[in-house]
Amino acid sequence: MSKLVVFKIFSLAVFFFLSAGGCLSQMSSGSYKINADSINFGGAASSSETYKLNDTLGEIATGESASGTYKMNAGFWYMVNTYLTLTVDSHTKDLGSLLAGSPVTGQSTVTVTTDSWDGYSLNVSKDHKMRHTDGVTTIDDHSGTIATPLLWSAPNNLGFGFTVISGTGVDAKWGENPNYKYAAFPDVAETAHAKRGYKSEADETVIGYKADVPSDQKSGAYSCTITYTAVGTI
Amino acid sequence: MKRKTKKRRPKSLIEKFGLYYSHLPKNKRRIFLFEIEFFSMLGIVLLALSSILFFSYLESIDGLVAGDSSDSVTVSVTVVSAVSLNSPADVSLSPEIEEAGSTSGSVTWNVETNDPDGWKLEVNASASPALTSGGNSFADYDEAVSGTPEEWSVAAADSEFGFNSSGTYAEAGFSGDKYLGFNGANRIQAAHRNAPSEGTGDDTTINFKAESGSGHSQPLGTYTATITATATNL
């Protein structure tokens with residue numbers, strides 16, 4: 001009888017192993033990609049009003065170790081939690097005086113440093129349209145979108161927009177000097193640039209601004225705040 | 001005589017099961033079959049549960065990102081005030097004056113500005129008197145109170161040339177078909193608006209009038225006046 005019990009336990013173990021192993025071997029498909037996985041016996045993301053906890057149970061030999069040259073962080077959460085910082089070269093950018101029909105330009109350099117092994121996405125958004133100090137009058141957004149940037153030429157030569165001038169792996173949709181293509185800053189963050197792969201040093205992306213207005217645009221000072229967000233890719 | 005021992009082939013698991021089953025008392029065989037059925041079902045149920053738990057876990061991991069970092073920049077631009085004025089065609093007064101009589105004509109100027117404070121339109125003549133032909137001339141209209149428009153009235157012995165303005169933004173003093181005379185190069189305000197122009201701009205019409213009194217003999221000739229209009233943002 002004891003052999004039979006052993007057989008039953010063995011059969012169930014084989015079932016579990018095959019089911020789990022079969023799933024874990026599917027690391028990518030046409031629609032999804034699993035960049036980090038861990039075979040253990042538990043874990044999940046959980047939270048309360050005050051705290052958030054992501055845990056795994058049963059991982060072996062996790063933790064930090066280092067030599068003179070290398071540093072290793074072993075374990076699932078080291079794969080999905082990365083160091084990432086973003087800075088913009090200046091928190092104010094004055095495009096100067098704009099006379100209708102003579103567009104003005106400017107640029108910001110966004111610097112991202114991360115140890116993410118699959119790079120990062122650079123998201124952009126604005127708080128509102130370029131707005132006059134009267135609090136009401138605005139400069140229209142450029143007619144291009146991040147999905148489909150447009151050349152700065154009639155009838156798409158008015159408004160406030162941006163382009164990606166330079167960076168690592170800039171998408172060809174942004175064009176090249178002097179034929180950059182422009183898009184309006186979205187109200188809700190959208191990815192304007194994605195940098196794939198690991199880079200040991202800081203990564204710089206130069207964003208170009210451009211603005212022009214119709215002749216009846218109310219004179220005066222306009223401004224808006226652009227937010228850049230880098231999101232690590234896992 | 002040495003007894004020949006037959007080496008027995010080890011029994012397979014199924015054979016062992018069969019042997020075990022055949023040796024069971026009949027009343028325990030049903031229990032044995034029930035156990036087999038029970039553990040098979042249990043295995044299937046546990047397999048299903050493990051799959052559900054596994055994919056639930058994957059789903060929770062799917063929502064994880066490697067963290068983000070943000071920075072912002074305030075972009076500003078100053079739209080400068082500009083004012084523009086069109087260049088209408090020359091105008092010939094009609095009808096021709098034969099010894100005595102009056103003649104008139106008009107021209108429309110269009111002002112466009114983005115200045116929130118608005119614009120003003122002034123006119124002046126290049127000479128004094130304004131309407132001349134060689135050494136001959138029409139006197140500038142001589143209003144009773146200098147600088148105050150009045151209804152057109154020319155004495156029989158005189159010949160005079162003057163103007164008024166009409167349109168939404170004409171100076172109120174000209175209403176009621178009242179006229180002023182030019183004052184050489186000195187600018188006379190014909191219209192104004194305390195707001196930026198709208199649409200394609202704001203029109204103001206300058207109406208010219210010349211008259212030779214019934215008792216006056218105006219020398220023959222073609223008389224011309226060069227009138228300059230100036231638009232200024234307020």
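Which residues does A:Ile226 touch, not counting residues up to four places away in sequence? In this predicted model, A:Ile226 touches A:Val124, A:Lys126 and A:Phe185 in chain A, along with B:Ser72, B:Val73 and B:Val75 from chain B.

That residue is a good way into the largest nonpolar core, which has 36 residues. A:Ile226 is among the residues with the most contacts inside this core, together with A:Leu122, A:Met130, A:Ala211 and B:Val77. At least two core residues come from each of β6, β7, β8, β12, β16 and β17 of chain A, and likewise from β1 (68–79) of chain B. The most is given by β17(A), with 6 residues. Apart from this core lies another, of 28 residues, including B:Val83, B:Ala125, B:Leu131 and B:Ala210.

Now let us look at β16(A). Of its 10 residues, 7 are buried, so β16(A) is largely enclosed by the rest of the structure. Its pairings with two other strands are set out here.

| Strand paired with β16(A) | Sense | Bridges |
|---|---|---|
| β7(A) | antiparallel | 9 bridges |
| β12(A) | antiparallel | 7 bridges |

Individual partners can be picked out too: A:Thr105 has A:Lys210 of β16(A) as its bridge partner, while A:Gly159 stands opposite A:Asp212 in β16(A).

How confident is the prediction? The model scores ipTM 0.75 and pTM 0.64. For chain B the mean pLDDT is 87, and 89% of its residues reach 70 or more. Over residues 59–64 of chain B, however, the pLDDT is below 50, and this stretch has 7 contacts in the model beyond near neighbours in sequence. Where pLDDT is low, the predicted coordinates should not be read in detail.

Conventions
Residues are numbered from 1 along each chain as its sequence is written. Chains are lettered from A and ligands numbered from 1 in the order in which they are written. This is a predicted model: local features need pLDDT of at least 70, side-chain atom pairs count only at pLDDT 80 or more; totals for chains, interfaces and linings use all residues. A nonpolar core is a set of buried Ala, Val, Leu, Ile, Met, Phe, Trp, Tyr and Cys residues joined through C-beta atoms within 7 Å. A residue is buried if 20 or more other C-beta atoms lie within 10 Å of its own, exposed if 12 or fewer, and partly exposed in between; C-beta atoms are placed from the backbone. Helices (H or I, at least four residues) and strands (E, at least two) are DSSP runs, numbered from the N terminus. Two residues are in contact if their C-beta atoms, placed from the backbone, lie within 7 Å. pLDDT is the predictor's confidence in each residue, from 0 to 100. Two strands pair if DSSP finds at least two bridges between them.
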